[in-house]
Structure formats: C-alpha cells, structure tokens
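Biologist: Please take a close look at one part of this model for me. I would like to start from a single loop residue and then move on to the strands and the chain contact.

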Amino acid sequence: MDATLTEVEKGRRPTTIPGLGRALRTEEMVISMGPQHPSTHGVLRLDIVVDGEIVADVIPRIGYLHRCFEKHCEHMANYQQVIPYVDRLDYVAAMSNEFGYVVAMEKMLKIQVPERVEYIRVIMAEFSRIVSHLIAIGTYGLDIGAWTPFLYCMRDREHVLDIFEETCGARLLYNYMWIGGLSHDVKPTFKDKVLEFCKYFRPNIKELNDLLSYNKIFIDRTASVGVLPGDVAVNFGVSGPVLRGSGVQWDIRKNDPYSIYNRFDFDIPFGKGEKGKVGDCWDRYMVRVHEMEQSVNIIEQAAKQLPEGDVQSAIPKRISPNASGPRRVRYTCAPRPRRASWGTTSYPTGEVDR
Amino acid sequence: MKNFLLELLNNEALVYVLMALVPLIWVIPFALFGVWWERKISAHMQDRLGPMLTGGWHGWSQTIADAVKLLQKEDLVPAAADKKLFVLAPYIVFAGSYAAYAAIPFSAAFVGAEINLGLFYVISISSLVVVGLILAGWASNSKWSLFGAMRSAAQIVSYEVPVALSILAVVMVVGTFDLQEINQLQTGPVWHWLVFQKFPFLFLACVIYFLASLAEVNRTPFDLPESESELVAGYHTEYSGMRFALMYLAEYANMFAVSAIVVTLFFGGWNSPFGEFLSGPWWGLFWFLGKGLAVIFVQIWLRWTLPRLRVDQLTYIGWKVLIPFSFAIILGVGAWVLAAGQ
C-alpha cells in the first residue's frame, strides 16, 4: 500500500449513524480498484473510499496507458512515419486518429487531396465512430451486468472490421490514411458492401434499444446518475459525446466543418434529459446510440456520392519537418511557429487537436 | 422406495445412507450438465456457438474437462485468510443446498425423508447457505469478498421474507406443509395445478416466489454478491480448485432446489400434465425433472437478458414491492378460503 493511500485512510474518521449514538458506528473503507480489475481493463486505478455500499470518494490514479507516443513521434525521420503511432493512440478508433493527423498535416503542407480520398476518409472515419461507440456501449452494458448486448455489439463491429480488412488488410491498426492520400484504393465491391452494412445495421440499433437502452433496470441504473451539467462540461473543456450528452449542441463536424462534412445532411444528437436529468449517464449513453444512427446516414450519403479518381496523386514525394536544415536525428513534429498548424477533428470520444 | 430398500437390505442405517445419496445421483450430473447447458443457451442467445470441440458432439464434455482441471489444481489458501473457516465455508454452502433435497419429492415413490413439515424444513435449511457465504467472504480476508458476503447477507435475508410469505399463500390453500401431500392434491389435468387455483392470487404468488428465489440463488438480475464487473467474483474471489468447484456445485444444486419448489408448489410436481395418461413413478420422475429444467431454463434466459440491479434498488424491490404484494395475496387468498368455507 503506498503512502498516499494510508494518508487517505488516516483522514477518515469513523462516522456514527444518526439517532443511534456511538453504539453503532460505521467506518469508511478504502479499496483499490484496478488496474487488474475486470472493468478497468488494466488502464486505470481508482482508490475508492466506501461507506458500506455508498462510494464516499474516488481518487483516480491515471497514467497506466501512457506510452510516450509524442516523444516517439518527435524522433521520427518524417511526418509520414508518425501515422502508425497515431493508430495506437486509441486502437479502438484508429481511423479517426489518422484522419485527425493527416488533416492537420495537409493543412500545414497546404495539400489539396482528391475528392475520392475525402469521401473514402469520411466513410472510414464514420465507420470508426460506429466501432468505437459499439465498444463503448457494449462494455458499458457489461459493467452493469448485461452480457448479451455486448456480444451483439461485437458481432456488428466484426462487419465493419471486415470492410476495413478488405480495404487495407488490417483489422485494428490500419496505417491507411496517408498525408495527401490513402495507402490503397478501395476494392470495386466496397460501395455495395458499405450500403449493405447500412441496411443491416439500422435494425440492429433498434434491437440494441429494445434490449438495453430502454430496459427498465438499465434506465434505473443510469438515469439521473453522474450528472454533468452543460456549463460545467464547457468549463472543463469536455468534448465529444460527453459534452453533447450534457445538452450542449456542439459538434465540430457541424460547427466548424473540416474535410467535406458540410456536404452531408445529419443531425447533432444531444442529451435532453429524457429519462432523468440532462447530462446523466443515460443521456451520455443515448447520444452515442443516436450518433451511430447519424454516422450510418453520413456513410450512406458518402457511399452513394463516391466519385471515381486516383487516391495517391496528391501524396508528396518528400516530407521533411525541416527541409531547409540538415537532417538531424531530432526532428520535431511539434511544428515551429512559422509552420504552426492546428487541425481539429471530431473523434468518437471527443475532439482531437493536432 | 424406503420400504423396498428395507426389505432388500434389512439394515435401517444403511438404507438411510443410501436414501441420502440418491439425490446426489441427480445433483452432480445436473451441475455438470447445467453448466454446459447454460453455456450453450447463452451462446445461442448471443450469436455464438459456445463450446464445440471437447468430446465431439457440441462440446458435451466441456464441463467434465473443467471439473477434472479443477480437481488437479493446487490447494490454495491465501496467506492472510482464516484457514479453518476458509476451508469450512464451501462445505457449509454445499451442505445447506444439498440438505434441502431431503424433503423434495422427486416422484410419487421417492422422497428422501417424509416429514410432514417438509416445506418448512426446505425453507429453513436453505438459509444455512447464507452462513456459508458470509464465512467464505469473511475468511478470505479480502475487501472484495467481504463486500460480496455482506451483499449476500443483506440480499438473502431480505428475500427470505417474500419467499416465506408467497409460500404461506399456498399453504393456506392446501392446508399442509407436506410436499408429497401437496403433489397428491394436484393430481389430474393441468388446471388442477396450484398456479391456476384461486386465480390470480396463486399465480401472482408464483411470480413473487420465482423472483425472490432468483435473489436467493444469486442469479441475474440479483447477482450482486458475485457481480463480476464490480466485485470480481464476490465471496468466492479467493477460492480456486476443488473448493471453487464445490461453490459452483452448490450454486447449481441451489438453482435446482428452488426450481423444484416452484414445480412442486405451483406446477403439479411429479404429476403428468395429462391426468392419468403417462403417469406412474418413473414418469413422475421424468415430469418432475423436466419441469424443473424448464424453470431453470427461464432462470438462464433471464440471466442472459437482463442487467443487474443496484443494491438500493434490490432492497427496494424486496421490501417495498414484493413484500406488500405478498401480504395482499395472503389477504386475498385468506378471504377467498374463508368465503369458500374450506
């Protein structure tokens, strides 16, 4: 037990139950949850102060997933080599990471990418959002004790991963979006498969809603729990579905469109406090479900409009962080002031600034 | 069966030992089969196949292989655990659930012990399980296990009340605690079953008993004592090897015990649903086990469909929903019985 934990324990005084005097007193207990706990997946540790079944305090110990990627990236010889690293930032939604990175790089290098590339990237990024949300929803249900929805989510995720695999050969870490283009063009059957998936996936969202979202027990456990009010969320710099779950209608794809998002027709789902208070767990959960529906809409529109063309014509021959200076080992990806670039993209779990 | 064995062996003590062992012939294969069955059902509900390889046909021997593996495991007792209690706990848990089988009538010809307070005995003896669970959680000397033990104590104690009250409604109708006698009263076609008597009171009593019994055997949505996403495995987190297997065996034995009570009290026990047709001692056994398995199927079905309740919601349902309803049923049944002049 480390020093901080004992300090926490020392600070806790035994409490008495009102009306019973000191005869019957309860004591708070500190338990360490994670990183080997089934619901923390090896990435988080929580020191939880509990008073019986009531959680009195939680002290998060973070940093279990920090792998110094930014330092690795600084040592890469050129910008292209960073892409496999951004994949691994969040392996559940690797395509979205790549998208954020290449958009920022293209902005910096002033590269105009072909139309086809833009469309394929949007389809891939939205697929990535669906995959990420499926895992988020599935494991959320799992932590509440619902096993079956989790496996239904994994089943649907497999279909998306099949499309990814067919396109770029990888199921998890793709290295697919390159600066100025894509590593491979899509297969001729891609469009049909994408449209087929959209048709397949919509009834499954309904099934998920029937099984989990509108389940009485699930609502009882999530509604009015963990409320994050909209103003607090904004002040703490929260973004993504968590912010929208708090009732703030902010989506970078709509409010400050990048790539070709201004061409598609979709809504921003946001928490309305349907089952409890605005910004509760259920709202945050439901925003993700609705976002999957919207992603399917975007994918369908993009796949129908998918233009022909080359996907690699705009890839620059040589990219060096410091083209004028001598090649040194220590290139830096954090751009120098004169080349400053800041690309903000929407990401399944929040906005990414690169 | 007792008389038959007495004639055969002419030794009363030996006969009692044999009679005590007979339910074990069912309980152990059932636990092995039940685990496999639950895996297959859950797998098919979740678009999976479940075990498919071990033993050939649909992985039928998977749980046998698992049991053999558990038997070979190192006998592990945590250093900080209270060794005696830690070792004792699984036996108490299993003894509590197995003892209930003594009064359960498997067939018209077989019931372990013919006691005229059979129902009362089953309800009381199955409370022994909670002692074992608390011992297991406490002796493990782990905070997680302690949580599981405290939860199981709170839960089982709360849900004993609706269980007893809903059973009381049945007893008021049949006027006996003898399970064999209750079975005999239900002989005949399906509408003689108690679940259809004094409609809808006994039907509601059946629903309440079933829900409360789910909590008694720690099944979803009341599986808080072992909720794996919160408490890892609750009271049996620290158990491994054969002791873990014994806990598991007790869990499945308990599942069947409560199903057997549901079947006996509400669904005609060993009676054939077709009156005289297909009835007799062996057919009785068949109907009893078949009905029991059907109730277990419902338990499994619920487990793989529903999320888990929170602790305060669990006690809320127990004390503020099920108990008032059971009292209402008792009042209703009582008034009916009085009015009918029985």
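Modeller: Start with Asn175(A), which sits in the loop between helix H6 (148-168) and strand E6 (177-178) of chain A. Keep in mind that this is a predicted model. Asn175(A) is not a glycine, yet its phi is positive, about 50 degrees. Most residues other than glycine have a negative phi. Is Asn175(A) buried or exposed? Neither label fits: Asn175(A) has 17 C-beta neighbours inside 10 Å, so it counts as partly exposed. The buried label would need 20 or more.

Chain B offers a similar case for inspection. Asn141(B) is a residue other than glycine with a positive phi, near 60 degrees. Look for Asn141(B) in the loop between helix H6 (128-139) and helix H7 (143-174) of chain B. Asn141(B) counts as partly exposed because it has 16 C-beta neighbours inside 10 Å.

Back to chain A, and a positive phi in a hairpin. Strands E4(A) and E5(A) form this hairpin, with 2 residues between the strands. Gly52(A) takes a positive phi there, near 65 degrees. Strand E4 (residues 45-51) of chain A and E5(A) run antiparallel. They are joined by 7 bridges. Within this pairing, Asp47(A) stands opposite Ile59(A) in E5(A).

Now widen the view to the sheet. It is an open sheet of 3 strands in chain A, in the order E3-E4-E5, with antiparallel pairing. Strand E3 (29-33) and E5 of chain A are the edge strands, each pairing on one side only. From one strand to the next, the twist averages 20 degrees. E3(A) and E4(A) are antiparallel and joined by 5 bridges. Val30(A) faces its partner Val49(A) in E4(A) across that pairing. In a regular strand the side chains alternate between the two faces of the sheet.

How many residues of strand E5 (residues 54-61) of chain A are buried? The number is 0 of 8, so strand E5 of chain A lies largely in the open.

Last, the contact between the chains. On chain B, 21 residues are in contact with 21 residues of chain A. Helix H10 (228-231) and helix H13 (311-340) of chain B each supply at least two residues of the side that touches chain A. That side of chain B divides into 8 nonpolar, 6 polar and 7 charged residues.

Notes. Residues are numbered from 1 along each chain as its sequence is written. Chains are lettered from A and ligands numbered from 1 in the order in which they are written. This is a predicted model: local features need pLDDT of at least 70, side-chain atom pairs count only at pLDDT 80 or more; totals for chains, interfaces and linings use all residues. Two residues are in contact if their C-beta atoms, placed from the backbone, lie within 7 Å. Helices (H or I, at least four residues) and strands (E, at least two) are DSSP runs, numbered from the N terminus. Ala, Val, Leu, Ile, Met, Phe, Trp, Tyr, Cys and Pro count as nonpolar, Asp, Glu, Lys and Arg as charged, and the others, Gly among them, as polar. A residue is buried if 20 or more other C-beta atoms lie within 10 Å of its own, exposed if 12 or fewer, and partly exposed in between; C-beta atoms are placed from the backbone. Two strands pair if DSSP finds at least two bridges between them. Axes are lines fitted to C-alpha atoms, for helices over the stretch in contact, and angles run from 0 to 180 degrees between N-to-C directions.
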